[in-house]
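Subject: Structure for you to look at

Dear colleague,

I am handing over the structure we spoke about, with the sequence alongside. Please open it first, and then read my notes below against it.

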Amino acid sequence: MDSYLIQVNSNTALPSLLDVHVNLCGKGSSLGKAKGRKPHWAVRASDMSKRTFNPIRAIVDSMKVEPNPQKPLISLSIGDPTVFGNLPTDSEVTEAVKEALNSGRYDGYAPSVGYLSCREVVAGYYSSPEAPLEAQPEKSWEIDLKQMESLVDDKTACLIVNNPSNPCGSVFSRSHLQKILAVASRQCIPILADEIYADMVFEGCKYESLAKLSTNVPILSCGGLAKRWLVPGWRMGWILIHDRRDIFGKEIRDGLLRLSQRILGPCTVVQGALGRILHQTSSEFYHNTLSFLKSNAALCYTALSAVCGLRPVKPSGAMYLMVGIEMEHFPEFENDVEFTERLIAEQSVFCLPATCFEYPNFFRVVITVPEEMMVEACQRIQRFCQRHYQGGEGAQDLECDK
């Protein structure tokens, strides 16, 4: 059977029709042999997909341990306040979405950066004399500062500041934020501020907005409805551009626009409800949420402080509590991942190993679960540690000094 070579001439001036020549090639020719090879599938993943990496999922998805079938699983691992039903959002929030849906005005496509009316609502809600905002995007534990500044080089794009903190539950003081801004100013590096837990701080602490403390460092502040309004599944967030000296210029703003076009913008119905959500959600709702979280944090901190081999760090906000593991007292475990895997297998308590955050020998506890579940989880963690704790070489199950 003859094979065929199709040749397309490439000329500078393209004709209206492609000049196609069909040459017959006999079986004995080398060209015939080359074309006679069997086709095969060669479907490859994109470079972007290969570069995408979620350190939390990479570790958690590799943990194949099954929980103890004799104990119901208590998951203290995922920062989703809706899982157990004990922290519902405010009725005003859901009514706002119903109103937007019933209006019929938010059923179609919206601009990728969101409706102008929606951007005006967010800008008005967060604007202040110290850090004014406009609705046009096109205008408008503590950090080791020495170590951070030593890492800055010509490839550094920005400083990322997460405050209040996930996973630590810490809240930076005004003075510490000012020192961070001083580093950014000296090095001429912008700041990406993850402030999704803004104002979600416990009594006795105060959240400070980075943008209000600086006049020269350009800041992109990320926020949204997920945490404070307890609706993470609604996927509504925003980026506030604080750039009073126009350092970002047109390139950064165009880049943000192109990135927003990848997802074709946020949910239109939630946009329609946003004004009512921001301005009419009751202050009592926020107060009740924070009171519950503070109470649960205190309960967990007190209980785990009494456990041999654990060093909980008292949080000041957000929804998390970090617990240090004195690994020298748990020699059968290589690291925090093995520690938490065995905790799941024996006690059906799922805590996130802090290796996920590149902070080994800790685990993170989510404090949004109902109080009775938190009590039960702490008791199970205590029993687990009592079983595996070693006070010294060859000395197991000794009393600790707590």
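I began at Val365, which touches Leu76, Cys300, Met319, Tyr320, Leu321, Val323, Cys351 and Met374, leaving aside residues up to four places away in sequence. Please keep in mind throughout that this is a predicted model. Val365 belongs to the largest nonpolar core, which has 66 residues, and it is one of the members that touch the most others, together with Leu76, Leu225, Leu310 and Phe339. There is also a second, separate core of 20 residues, which includes Ile180, Leu181, Ile191 and Ile219.

Helix H10, residues 283-305, is the next element I would look at. Its 23 residues should span 33 Å at 1.5 Å a residue, and the C-alpha atoms at its ends are indeed 33 Å apart, so expectation and model agree. Phe285, Tyr286, Thr289, Leu293, Asn296, Ala297, Cys300 and Leu304 are buried in H10, and the buried residues of this helix pack against three helices, H5 (116-126), H9 (268-280) and H12 (371-388), as well as against strands S8 (310-313), S9 (320-325) and S12 (362-366).

Turning to the strands, there is an open sheet of 4 strands, in the order S4-S5-S6-S7, with mixed pairing. Strand S4 (159-162) and strand S7 (237-242) are at the edges and have a single partner strand each, so that one side of each is left without a neighbour in the sheet. From one strand to the next, the twist averages 20°. S4 pairs with strand S5 (residues 191-194) in the parallel sense, over 4 bridges, and Val161 has Ala193 in S5 as its bridge partner.

As for the cysteines, the structure holds 0 disulfides. The cysteine sulfur closest to that of Cys385 is in Cys308, at 8.5 Å, which is too far for a bond, given that a disulfide would need the two sulfur atoms within 2.5 Å. Cys385 counts as buried because its relative accessibility is 1%, and Cys356 likewise counts as buried, at 3%.

Finally, Glu338 lies in helix H11, residues 336-347, and is partly exposed, with a relative accessible area of 31%. Glu338 touches Glu332 and Phe333, again not counting residues up to four places away in sequence, while its C-alpha atom is separated by 8.7 Å from that of Pro353, 15 residues apart from it along the chain.

With best regards

Note on methods:
Residues are numbered from 1 along each chain as its sequence is written. This is a predicted model: local features need pLDDT of at least 70, side-chain atom pairs count only at pLDDT 80 or more; totals for chains, interfaces and linings use all residues. Side-chain values use heavy atoms; hydrogens and water are left out. Helices (H or I, at least four residues) and strands (E, at least two) are DSSP runs, numbered from the N terminus. The expected span of a helix is 1.5 Å times one less than its number of residues. Buried means under 20% relative accessible area, exposed over 50%, partly exposed in between (1.4 Å probe, protein chains only). Contact means heavy atoms within 4.5 Å. Two strands pair if DSSP finds at least two bridges between them. Axes are lines fitted to C-alpha atoms, for helices over the stretch in contact, and angles run from 0 to 180 degrees between N-to-C directions. A nonpolar core is a set of buried Ala, Val, Leu, Ile, Met, Phe, Trp, Tyr and Cys residues joined through side-chain atoms within 4.5 Å.
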